[in-house]
Amino acid sequence: MVRIAVDLNRCQGYAQCAFLAPDVFTMHGEEALLYAPDADEAQLGKVTQAAAACPVQAILVDSMDAPAEAVPGVR
Ligand code: SF4
C-alpha cells in the first residue's frame, strides 16, 4: 500500500501529477485536485514520478512495503 498526501495549500493545480498518474490524481475543474490517499503498490512508480514532477513539491509519498531509501523522491 502506498500512502499519498498532497499539501493542497501548496498545490497550484498544474496537473502534472494527474498527467503522470491518472489513476491516483484527477483534476476536478480548473484547480481542484482529487486524489486517492491510499494507492496500490503497483502505482508506486507512477506516483513517485508524479511527486518528482510536481513544480511545488506538494506531493508526499510513503510506501508501506519498500524501504523509503530505496525509492528516490519518497520521504
Ligand atoms: S503536480 Fe503538484 S501542483 Fe500540480 S496538481 Fe499535482 S499536486 Fe498540484
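Start by selecting Glu31, in the loop between β2 (25-28) and β3 (32-35). The model on your screen is predicted. Glu31 is exposed, with a relative accessible area of 61%. Exposed here means over 50%, so the value of 61% puts Glu31 in that class.

Keep Glu31 selected and add Gly13. The two are 18 residues apart in sequence. In space, their C-alpha atoms are 4.6 Å apart.

**The whole chain**

Now zoom out and colour by secondary structure. The protein chain has two helices and five strands. Follow the sequence and the pattern reads β-α-β-β-β-α-β. The chain has 75 residues, and 33% of them count as buried.

**The sheet**

Select β4, β1 and β5. Together these three strands form an open sheet, in the order β4-β1-β5. Their pairing is antiparallel. Which strands stand at the edges? They are β4 and β5 (59-63). Each has a single partner strand, so one side of each is left without a neighbour in the sheet.

Next, look at the contact between β1 and β4. Two bridges join this antiparallel pair. Pick Arg3, and its bridge partner in β4 is Asp38.

**Two salt bridges**

Stay on Arg3 and Asp38, and show their side chains. Side chains of opposite charge can pair when their charged atoms come close. How far apart are the closest N and O atoms of Arg3 and Asp38? They are 3.1 Å apart, and the two residues form a salt bridge. This salt bridge links distant parts of the chain: Arg3 belongs to strand β1 (residues 2-6) and Asp38 to strand β4 (residues 38-39), 35 residues apart. So Arg3 and Asp38 are linked by a strand bridge and also by a salt bridge.

Check the surface at both ends. Arg3 is partly exposed, at a relative accessible area of 46%. Asp38 is partly exposed too, at 41%.

How many salt bridges does the structure hold? The count is two. For the other, select Asp7 and Arg10. Their closest N and O atoms are 4.0 Å apart. Asp7 is partly exposed, with 32% relative accessibility. Arg10 is also partly exposed, with a relative accessible area of 42%.

**The ligand site**

Select the ligand and show the residues around it. There are 13 of them. Which come nearest? Label Cys11, Tyr14, Ala15, Cys17 and Cys54.

Colour this shell by residue class. You should see 10 nonpolar residues and three polar ones. Charged residues are absent from the shell. Now turn on cavities: the space taken by the ligand is the largest cavity.

**Two backbone angles**

Stay on Ala15, one of the residues that come nearest to the ligand. Ala15 lies in the loop between β1 and α1 (16-20). Its phi is near 65°, a positive value in a residue other than glycine. Ala15 is partly exposed, at a relative accessible area of 25%. The cut-off for buried is under 20%, so at 25% Ala15 does not count as buried.

Last stop: Gln57. Where is Gln57 found? Look in the loop between α2 (44-53) and β5. Phi of Gln57 is near 50°, again a positive value in a residue other than glycine. Gln57 is partly exposed, with a relative accessible area of 43%.

Key:
Residues numbered from 1 in each chain as written. Predicted model: local features only at pLDDT ≥ 70, side-chain atom pairs only at ≥ 80, totals over all residues. Heavy atoms only, no water. Near = heavy atom within 4 Å. 1 Å grid on protein atoms, 1.4 Å probe; cavity = no way out; pocket = protein on both sides within 12 Å on 5 of 7 lines; lining within 4 Å. Sits in = over half its atoms within 2 Å of the grid points. Nonpolar A, V, L, I, M, F, W, Y, C, P; charged D, E, K, R; others polar. Helix = DSSP H or I, 4+ residues; strand = E, 2+ residues; numbered from the N terminus. Buried < 20%, exposed > 50% of the residue type's maximum accessible area, 1.4 Å probe, protein only. Pairing = 2+ DSSP bridges.
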